[in-house]
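Dear colleague,

I am passing a structure on to you, together with a short account of what was found in it. Please look it over before reading the notes beneath it.

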Amino acid sequence: MSDETEMVQRGIGILTAALSWEPEDPAATEMFKESLKTLARVDDMVSVSFSGGSPEQAALLREVLPQVVRQVIEALAPDYTRLVLGMAIGFKSVADAYREDVPGANIEAVLQAASLNLADEE
């Protein structure tokens, strides 16, 4: 499975989790946040190549780079998580409104079909 497909499927997973989330329930909110952390994980495996410089500079960069990348990821993760949470809240609002207009709508099945269709395209 490609990285792009995996990210789209994680997004579908987040939207599916958002459908059952009740914001007024603190336990459900905590469970939803944990689901977000799992589904919206930021991969800390980064590959960097460089040319030029001395062997000492390359060795120093290899030593320092993992810590720099970790700090950048830690700095960006809260904003990324808030962005994903905001999109999930918006989606849930639209899905809830659709359910009111079309009581028999099975939004979970639509999301599942989208995910399966995406997997088949791979």
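The notes below cover how to read the model, its nonpolar cores and one of its helices.

The model is predicted: local features need pLDDT of at least 70, side-chain atom pairs count only at pLDDT 80 or more, and totals for chains, interfaces and linings use all residues. Residues are numbered from 1 along each chain as its sequence is written, and side-chain values use heavy atoms, with hydrogens and water left out.

I begin with F32. This residue sits in helix α2, residues 26-39; helices are DSSP runs of H or I with at least four residues, numbered from the N terminus. F32 has 3% relative accessibility and therefore counts as buried, a term that means under 20% relative accessible area, with exposed meaning over 50% and partly exposed in between (1.4 Å probe, protein chains only). Leaving aside residues up to four places away in sequence, F32 touches I14, A17, A18, W21, L85 and A88, where a contact means heavy atoms within 4.5 Å. Its partner W21 is eleven residues from F32 in sequence, and their C-alpha atoms are 6.4 Å apart.

F32 also belongs to the largest nonpolar core, whose eight residues are I14, A17, A18, W21, A28, F32, V84 and A88. Such a core is a set of buried Ala, Val, Leu, Ile, Met, Phe, Trp, Tyr and Cys residues joined through side-chain atoms within 4.5 Å. Helices α1 (3-19), α2 and α3 (55-101) each supply at least two of its residues, and α1 gives the most, with three. Another core, of five residues, lies apart from it and includes I12, L19, A95 and L111.

L111 leads on to helix α4. This helix runs over residues 107-121, 15 in number, and spans 21 Å from first to last C-alpha, close to the 21 Å expected at 1.5 Å a residue (the expected span is 1.5 Å times one less than the number of residues). Its residues I107, L111, S115 and L118 are buried. The buried residues of α4 fall within an arc of 80° seen down the axis, so they line one face of the helix; the arc is that of the directions from the helix axis to the C-beta atoms. Q112, L116 and D120 are exposed on the other side of α4.

Finally, Q9 is found in helix α1 and is buried, with a relative accessible area of 18%. A polar atom of the Q9 side chain lies 3.0 Å from the backbone oxygen of S115.

With kind regards

Technical notes: Polar contact = N/O pair within 3.5 Å; in protein donor to acceptor, adjacent residues only side chain to side chain.
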